[in-house]
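Colleague: Hi! I have a protein open on my screen and would love some help reading it. Could we go through it together?

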Amino acid sequence: MNTIQTIQCPNAECHGTIQFDPYLLIQGKSFSCSTCNSVISLNQESKEVVKDTLEKFDELKAQTKS
Ligand SMILES: [Zn+2]
């Protein structure tokens, strides 16, 4: 199952994108931009937000499957 997501690099001067696996992200793994090496990772607060999003994502997938 491919869960890789892509987001715009947080570095405003960089027009790259960062690919990340949200499941690894919520486990504390960080991901870096291949263009400028900016790193994205989660703090404790945003962890909850991502978890909520993933739960909704999972629900959606479950509905699509049936
Ligand atoms: Zn970048």
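Modeller: Gladly! Let's start with an idea we will need again: a residue is called exposed if 12 or fewer other C-beta atoms lie within 10 Å of its own, and buried if 20 or more do. Keep in mind that this is a predicted model.

Colleague: Let me try that on Asn 37. Is Asn 37 buried or exposed?

Modeller: Count the neighbours: Asn 37 has 11 other C-beta atoms within 10 Å, so Asn 37 is exposed. Asn 37 sits in the loop between E3 and strand E4 (39–40).

Colleague: What is the phi of Asn 37?

Modeller: First the general idea: most residues other than glycine have a negative phi. In this model, the phi of Asn 37 is near 70 degrees, which is a positive value in a residue other than glycine.

Colleague: Now the wider view. How many helices and strands does the protein have?

Modeller: There are 2 helices and 4 strands. Going along the sequence, their pattern is β-β-α-β-β-α. As for dimensions, the C-alpha trace spans about 45 × 25 × 15 Å along its principal axes.

Colleague: And what share of the residues is buried?

Modeller: Of the 66 residues in the protein, 2% are buried. You can also ask about contacts: among those between residues at least 6 apart in sequence, 27% join residues at least 24 apart.

Colleague: Which elements have the lowest and highest mean pLDDT?

Modeller: pLDDT is the predictor's confidence in each residue, from 0 to 100. Helix H2 (residues 44–65) has the lowest mean among the elements, 76, while strand E3 (residues 31–32) has the highest, 93. Across the protein the average is 84, and 91% of the residues score at least 70.

Colleague: Let's look at helix H2, then. Why does Glu 55 count as exposed?

Modeller: Glu 55, which is found in helix H2, counts as exposed because it has 10 C-beta neighbours inside 10 Å. Here is another way to place Glu 55: its C-alpha atom is separated by 11 Å from that of Tyr 23, 32 residues apart along the chain.

Colleague: May I do Gln 63? Gln 63 is also in helix H2. With 8 C-beta neighbours inside 10 Å, Gln 63 therefore counts as exposed.

Modeller: Well done! What separates the C-alpha atoms of Gln 63 and Gly 28?

Colleague: Those two C-alpha atoms are separated by 28 Å, and the residues are 35 apart along the chain.

Technical notes
Residues numbered from 1 in each chain as written. Predicted model: local features only at pLDDT ≥ 70, side-chain atom pairs only at ≥ 80, totals over all residues. Contact = placed C-beta atoms within 7 Å.
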